[in-house]
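Here is a short tour of a protein model, written for someone who likes to check the geometry. Keep the viewer open as you read.

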Amino acid sequence: MANNSGEQAAAAAGDRAAQPSLTADRERREIKGGIPYTTSPGVFKKALELIIPAERPDKFGANYMETILKLSGGSARSVPPLLKKMQFIGADGAPTLLYSKFKTDGGRSQAAYEGIKHAFSELFRRNEYIHKADEGGVKDTIVEITGLKRSDPIVRLMYQTFDALRGFIHGDVSSVSEQSNANSPTIDHNISPGASSRLSGGTLGISYNINIVLPETENIAVFNAIFRSLNENLLK
């Protein structure tokens with residue numbers, strides 16, 4: 001009896017030891033489409049909620065999440081990679097302008113929309129209004145792209161990750177391309193009526209008023225590039 005009990009205990013321990021391996025095998029599966037997901041979508045949503053009132057860090061990493069956002073452990077590890085896919089933080093962990101916009105009441109919905117389009121670009125390639133689709137429609141698109149069974153737990157996790165982010169989208173939002181155009185510098189060429197098209201000594205003189213609308217950005221390199229281009233192409 002003692003030997004049987006020992007064998008049963010060893011078998012049970014072996015089963016428990018095998019469970020992480022099975023989980024790891026599932027996570028290592030190569031899934032078509034590159035649709036991001038986290039095994040803790042609730043933690044991901046909580047992180048987005050906590051970002052709003054918290055101070056913006058120089059670098060969004062484990063120390064910031066643990067100390068400021070009070071998020072730690074394995075369930076929080078997927079947050080930075082997801083934020084990178086959303087282009088909320090750069091490769092070095094530095095928050096982007098989109099991150100800053102998400103923290104504002106007026107810009108949050110647009111930032112969430114742009115972020116979800118970056119992270120779930122394959123879904124938007126299939127349906128540009130996927131963020132307005134119901135659960136069934138989103139899951140159908142995920143199944144179509146990945147080839148997974150609808151009952152696969154990963155389909156559920158992909159949907160819940162997607163849904164956690166789109167929950168911040170409210171009202172009207174514009175496409176990324178439209179928003180990018182709106183933030184691009186524009187130059188209006190207005191010919192001065194008093195000095196335009198006058199002949200003097202056989203030469204034509206034209207006077208221009210150039211109005212420049214600069215984009216909203218905290219990156220000084222953008223302004224340097226704009227004024228360098230003006231100097232090279234217009235002011236010489």
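## Overall picture

A residue is called buried here when its relative accessible area is under 20%, and exposed when that area is over 50%. The model you are looking at is predicted. By that cut-off, buried residues make up 34% of the 236 residues in the protein. The surface exposed by the protein comes to about 14,400 Å², and carbon and sulfur atoms supply 49% of it.

As for secondary structure, the protein has 11 helices and four strands. Take the contacts with a separation of 6 or more: residues 24 or more positions apart account for 58% of them.

## Aromatic pairs

A pair of aromatic rings is described by the distance of the centres and the angle of the planes. The structure holds six aromatic pairs. One of them joins Phe-60 and Tyr-64, with 5.3 Å centre to centre and 55 degrees between the planes, which is a tilted arrangement. Both Phe-60 and Tyr-64 are buried. Ring pairs also bring in Tyr-99, so that Phe-60, Tyr-64 and Tyr-99 are linked into a cluster.

Phe-88 and Phe-102 make another tilted aromatic pair, again with 5.3 Å from centre to centre and 55 degrees between the planes. Phe-88 sits in the loop between helix H4 (79-85) and helix H5 (97-102), while Phe-102 belongs to helix H5, so the pair ties together parts that are 14 residues apart in sequence. Phe-88 is buried, and Phe-102 is buried too.

## Two lysines in two settings

Is Lys-59 buried or exposed? With a relative accessible area of 57%, Lys-59 counts as exposed, because the cut-off for that class is over 50%. Lys-59 is part of the loop between helix H2 (41-51) and helix H3 (62-69). Setting aside residues up to four places away in sequence, Lys-59 touches Tyr-64, Asp-92, Gly-93 and Pro-95. Of these, Tyr-64 is also a member of the ring cluster described above. The C-alpha atoms of Lys-59 and Gly-90 are separated by 9.2 Å, with the two positions 31 residues apart along the chain counted as their separation.

Lys-139, in helix H8 (residues 135-146), is a useful second case. Its relative accessibility is 16%, so Lys-139 counts as buried under the 20% cut-off. Beyond its neighbours within four places in sequence, Lys-139 is in contact with Arg-150, Val-155 and Tyr-159.

## Positive phi angles

Most residues other than glycine have a negative phi. Which phi value does Lys-70 have? Phi of Lys-70 is near 60 degrees, a positive value in a residue other than glycine. Lys-70 lies in the loop between H3 and H4 and counts as exposed, at 63% relative accessibility.

Gln-87 is another residue to inspect on a backbone plot, with a positive phi near 65 degrees. Gln-87 is found in the loop between H4 and H5, the loop that also holds Phe-88. At a relative accessible area of 42%, Gln-87 is partly exposed.

## The second largest pocket

How many residues line the second largest pocket? The lining has 11 residues, and those nearest the centre of the pocket are Tyr-113, Glu-128, Tyr-129, His-131 and Val-173. The space in this pocket is about 180 Å³. Sorted by class, its lining has three nonpolar, four polar and four charged residues.

Note on methods: Residues numbered from 1 in each chain as written. Predicted model: local features only at pLDDT ≥ 70, side-chain atom pairs only at ≥ 80, totals over all residues. Heavy atoms only, no water. Phe/Tyr/Trp six-rings, centres within 6.5 Å; stacked < 30°, edge-to-face > 60°. Buried < 20%, exposed > 50% of the residue type's maximum accessible area, 1.4 Å probe, protein only. 1 Å grid on protein atoms, 1.4 Å probe; cavity = no way out; pocket = protein on both sides within 12 Å on 5 of 7 lines; lining within 4 Å. Points joined across faces, edges and corners; volume = space filled by probe spheres on them. Nonpolar A, V, L, I, M, F, W, Y, C, P; charged D, E, K, R; others polar. Contact = heavy atoms within 4.5 Å. Areas by Shrake-Rupley, 256 points an atom, 1.4 Å probe, with all protein chains shown as cover.
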